[in-house]
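Biologist: I would like a close look at a single part of this model, the cavity inside it. Please describe its lining and then the surroundings of that lining.

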Amino acid sequence: MLTEAEKLKARDFVTANDVVSGNQKLNMAFVANLFNTYPALDVPEDVTIQDEDIIEETREEKTYRNWMNSMGVNPYVNYLYTDLQDCLVIFQLYDMIKPGSVDWNRVVKKFVPIKIKFQKLDNCNYAVDIGKKVMNFKLVGIQGSNLLDGDKTFTLALVWQLMRAYTLAMLDKIAGQGHPIVENGIIEWTNNKLKSADKKTFINNFQDPVISDSRVICDLIDAIKPGSVQYDLLKTENTNEAKMENARYAVSIARKIGARVFALPEDIVEVKQKLVMTIFATLMIQDYQPPQVSLEQ
């Protein structure tokens, strides 16, 4: 089934083990992505769609939204800037990343129509307060009103730090090194892992141009699970098309060995620093995990 989904370029989020074990969160994310990619719906007749009714979503926004939904948040996030305005999803993510960080007695869960704007603003102010004081996020200039208004810049700034915090928290939990792991630690691990497997590739940072052809990612995957990469499938041409083929293959193989990769092939080719970091971090998590143990466990 996953092989056929891969032919449609819609094999995201799940491994065969997730399907067999019935991982509800990831299976739902997989089906939702399959539907979004190939809805197979008839085009309605006599319906005029206005330009203002079309909501375009960037790759970055899609990545964050898919990550949130894979975490099992309620309600389901369809659009970042409207579905986060009451901050209920934000509070859930805070509590998943750092249990006990949210005083739920301070959170308004059911809104009174005549007070709804002020109640949502209270939630947003509290969410920003937790981000700054409990999560130690860098939220300079961000106020609750920015989240309530659906400000794209400020909302993305918070959401990215949530995803980063979750990734690093899982890495800390799996690695068990007794001290926080940050980006430099991931780079050091990457290069040590490559060197130990006699690979010639390495990275200097998550903006390193060498990442764009995906070979270093494939080398890292092969170092984690030897023999998992078919190197004869990698393209050697220095073209955007060749790099995209390599990136799709790298993401596919990373997911096959169990890594929870939410970044897209385009992010690798364009070397999007933030999302590229999550790829290396999830591979590090996968390397530290005992065999056949899921991340949820």
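Modeller: What follows starts with the cavity and moves outward from there.

This is a predicted model, in which local features need pLDDT of at least 70, side-chain atom pairs count only at pLDDT 80 or more, and totals for chains, interfaces and linings use all residues. Residues are numbered from 1 along each chain as its sequence is written, and side-chain values use heavy atoms, with hydrogens and water left out.

A search of the whole structure finds 1 cavity of 30 Å³ or more, where a cavity is a set of points, on a 1 Å grid over the protein atoms alone, at which a 1.4 Å probe fits but cannot get out. Its volume is about 60 Å³, a volume being the space filled by probe spheres set on the points, which are joined across faces, edges and corners. The lining, meaning residues with an atom within 4 Å of a point, consists of Leu80, Tyr81, Leu84, Gln85, Ile90, Leu147, Gly150, Thr155, Leu158 and Val159. Two or more of these residues come from each of helix H5 (80-83) and helix H9 (152-175), and H9 supplies the largest share, 3 residues; helices here are DSSP runs (H or I) of at least four residues, numbered from the N terminus. By class, the lining holds 7 nonpolar, 3 polar and no charged residues, with Ala, Val, Leu, Ile, Met, Phe, Trp, Tyr, Cys and Pro counted as nonpolar, Asp, Glu, Lys and Arg as charged, and the others, Gly among them, as polar.

Some lining residues also meet Met68, which touches Val73, Val77, Leu80, Leu84, Val89, Leu93 and Val159, leaving aside residues up to four places away in sequence; contact means heavy atoms within 4.5 Å. Met68 is among the residues with the most contacts inside the largest nonpolar core, which has 83 residues, a core being a set of buried Ala, Val, Leu, Ile, Met, Phe, Trp, Tyr and Cys residues joined through side-chain atoms within 4.5 Å, and buried meaning under 20% relative accessible area with a 1.4 Å probe, protein chains only. H9 gives the most to this core, 12 residues.

The loop between helix H4 (59-70) and H5 contains Pro75, and a cis peptide bond with omega of about 10 degrees joins Asn74 to Pro75. Most peptide bonds, by contrast, are trans. As for the whole protein, its secondary structure comes to 14 helices and 0 strands, and 48% of its 297 residues count as buried.

Definitions and conventions
1 Å grid on protein atoms, 1.4 Å probe; cavity = no way out; pocket = protein on both sides within 12 Å on 5 of 7 lines; lining within 4 Å. Buried < 20%, exposed > 50% of the residue type's maximum accessible area, 1.4 Å probe, protein only.
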